[in-house]
Structures are given as C-alpha cells and as structure tokens.
Amino acid sequence: MSQSVDRALGILPLLARGAADLGEVARELDVHKSTALRLLRTLHAHGLVYRQPDGRYRLGASLFALAAEAVENLDVREIAHPHLVELGARTGHTVHLAVHQDDEVVYIDKVDSRYPVRMYSRIGKPVALTVAAVAKLLLADLPEGERRALAARIEYPRYTARSVPDADAFLRELELVREQGWAADLGGHEDSINCVGAPVRGADGRVVAAMSLSAPNVVVSAEELLGLLPLVRRSAEVISQEYSGSGSPEMKEES
C-alpha cells in the first residue's frame, strides 16, 4: 500500500471518534500540516470527509452512503454457503443457516447429511421459535425490551417433555445463550433430534444469522454432537469475519 493511501486511510478512524482540526490530524499521522491538509482535501473531494464551518473535519456523507450500500448488498447466504458445505463434509451431519424476520426465524440455506435419514426442514420454512438453536441465537441478540415483548406474545407448544414451557423459562434460556455464545436444542423439538448452533455476527457485533449442526440420536448421541460444537463455532467465526470484512486475507500484488 502506498504511503499516501495508508496515511489517508489513517484519518478515517480518527474522525470516526469525532470531529478533529488540522493540527490533530497532523499529529495523529505524525506528518506536517501541509501533508495532512493535502490528504484531507483529497478525501473531501470524494465526499469521504467534510469540513465544518468551524474548520474541523468530520466523516462525510459519501462514506456513510457507501457503507449503507455495501451492507445492503451483502448476502450472508452466499458468504456462508461454502463454509456450511465444508462443515457438512467434515461431520456428515445436516447444517442450517437461518435469519430473523419479524416474529419468525427462517431457514435460508441447508446442507443435507450424508446418511439416509433426512430432516424435514426446508429452505424458506420458519423454525420452532421456542426450541430451535438458531432461533435462540437470533432472539437472544434482541434488546432486552424486545426480547421480553416477544416472549410475552408468542406461544409455547409442548413438542416434547424438554420443550421450553413458558415465557419466564424462555427468557432465562435466551440469557444463557447470550452469556455462553452458543445454543442447543437437545430433543426440545423432536425427541430423536439434537442440534447445536453458533451466531454469525456483522461488523457491529450484532447477530445477523445463525448456523447449526443437527443429527438424529440413531447416528450420534447428544454428547457426541456437543463435542462438535467447537467446529460449529469456528465456522461461524470465519463466516462472521468474511461477512464483516474483518478477516479477509491480504491482497497480493498483481504480477
């Protein structure tokens, strides 16, 4: 990366913390004021910084517009899919990816297991909110007021003896998920099916999707599936890094 580009990019984190004058920018970059001014003028010409009437600089509107457009065009399914396939190949079990939409959590991708037993889940189908691991991960990330309001208005079907029975128990479960950073459904929806899941996070740390690994008891026990949780969490972390742009490999020079 050229020195000028490197210095210009160094201005943006400073201004993200608040408006700064020319002297502050020069000190942050450890350059002469004339150099800082040249860089600021270049960024200003592209709308990435804005010079206020008091002479201080702040981030410009074009930067926010670019960020908003980039987020809008991000497709978490497209980014996640190769990692779902890899996890499925490594474990042999069913892998799901889900997102939260209004009061529903919906599967947006699925990689089937390699054994004859197939799960009935389908892409586009809502999941059981009160028991599914992906639902717990997505709903646990809601602000407390929204979590409580949701818990109060949804129903609590008793799918099995291990299903969440009521709003208080559901809120306790969501709090546990927030603390531990993962979720499980061990026979809560179907006695014979277990599931472990991990969150996919955006650049702001919020959960944008959730992925899970599911298998029937006839294939692996709940304890054996929980033993695969580190693999699930690692896959989710890699997807999060790629989605947020925080884990991309360095660009190589073109020959």
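**Exercise 1. The strand 5 and strand 6 hairpin**

Task: Find which residue of strand 6 stands opposite Ala-183, and work out how strand 5 and strand 6 pair.

Solution: Start from the residue pair. Ala-183 stands opposite Gly-197 in strand 6. Keep in mind throughout that this is a predicted model.

Next, the pairing itself: strand 5 and strand 6 are joined by four bridges in the antiparallel sense.

Then look at the connection. The two strands make a hairpin with six residues between them, and Gly-187 in that turn has a positive phi of about 75 degrees.

**Exercise 2. From hairpin to sheet**

Task: Strand 3 (residues 94-101) has bridges to strand 4 and to strand 7 (residues 207-216). Use Val-95 to trace both pairings, then give the strand order of the sheet.

Solution: Take the strand 4 side to begin with. Seven bridges hold strand 3 and strand 4 together, and the two run antiparallel. On this side, Val-95 stands opposite Val-111. The link between strand 3 and strand 4 is a hairpin with two residues between them; Asp-102, in the turn, has a positive phi of about 55 degrees.

Now go to the other side. Strand 3 and strand 7 pair over five bridges, again in the antiparallel sense. Here the bridge partner of Val-95 is Leu-213.

Put the pieces together and you get an open sheet of five strands in the order 4-3-7-6-5, with antiparallel pairing. The edges are strand 4 and strand 5 (183-186); each has a single partner strand, so one side of each lacks a neighbour in the sheet. On average, neighbouring strands are turned by 25 degrees against each other, ignoring direction.

**Exercise 3. An edge strand and its surroundings**

Task: Is strand 4 (residues 104-111) largely enclosed or largely open? Also say which helix touches strand 3, strand 4, strand 5, strand 6 and strand 7.

Solution: Go through the accessibility of strand 4, taking under 20% relative accessible area as buried. Seven of its eight residues are buried, so strand 4 is largely enclosed by the rest of the structure. That sits alongside its place at an edge of the sheet, where it has a single partner strand.

For the helix, check what packs on the sheet. Strand 3 and strand 7 pair over five bridges, and helix 6 (residues 133-140) packs on the sheet, touching strand 3, strand 4, strand 5, strand 6 (193-201) and strand 7. The direction of helix 6 makes about 160 degrees with that of strand 7. Helix 10 packs on the sheet too, touching strand 6 and strand 7, and its direction makes about 25 degrees with that of strand 6.

**Exercise 4. Two helix pairs**

Task: Classify the packing of helix 5 (residues 76-91) with helix 10 (residues 229-244), then that of helix 2 (residues 22-29) with helix 3 (residues 33-45).

Solution: For helix 5 and helix 10, the angle is about 160 degrees and the axes are 10 Å apart. An angle over 145 degrees counts as roughly antiparallel, so that is the label for helix 5 and helix 10. The crossing is right-handed. Among the residues making this contact are Ile-79, His-83 and Leu-87 of helix 5 and Val-232, Ser-235 and Ile-239 of helix 10. By class, the contact has 10 nonpolar, three polar and two charged residues.

For helix 2 and helix 3, the axes come within 9 Å and cross at roughly 105 degrees. The range for roughly perpendicular is 65 to 115 degrees, so helix 2 and helix 3 get that label. Leu-22, Gly-23, Val-25, Ala-26 and Leu-29 of helix 2 meet Lys-33, Ala-36, Leu-37, Leu-39 and Leu-40 of helix 3. Eight residues of this contact are nonpolar, one is polar and one is charged.

**Exercise 5. Two arginines**

Task: Are Arg-7 and Arg-147 buried or partly exposed?

Solution: Arg-7 belongs to helix 1 (residues 3-16). Its relative accessibility is 25%, so it counts as partly exposed. Leaving out residues up to four places away in sequence, Arg-7 touches Leu-29, Val-31, Thr-35 and Leu-39. The C-alpha atoms of Arg-7 and Leu-39 are separated by 7.8 Å, with their positions 32 residues apart along the chain.

Arg-147 lies in helix 7 (residues 144-153). With a relative accessible area of 7%, Arg-147 is buried. Beyond four places in sequence, its contacts include Leu-139, Leu-171, Glu-175 and Arg-178.

Conventions:
Residues are numbered from 1 along each chain as its sequence is written. This is a predicted model: local features need pLDDT of at least 70, side-chain atom pairs count only at pLDDT 80 or more; totals for chains, interfaces and linings use all residues. Side-chain values use heavy atoms; hydrogens and water are left out. Axes are lines fitted to C-alpha atoms, for helices over the stretch in contact, and angles run from 0 to 180 degrees between N-to-C directions. Angles under 35 degrees count as roughly parallel, over 145 as roughly antiparallel, 65 to 115 as roughly perpendicular and the rest as oblique. A crossing is left-handed if the near helix is turned anticlockwise from the far one by less than a right angle, and right-handed if clockwise. Contact means heavy atoms within 4.5 Å. Ala, Val, Leu, Ile, Met, Phe, Trp, Tyr, Cys and Pro count as nonpolar, Asp, Glu, Lys and Arg as charged, and the others, Gly among them, as polar. Buried means under 20% relative accessible area, exposed over 50%, partly exposed in between (1.4 Å probe, protein chains only). Two strands pair if DSSP finds at least two bridges between them.
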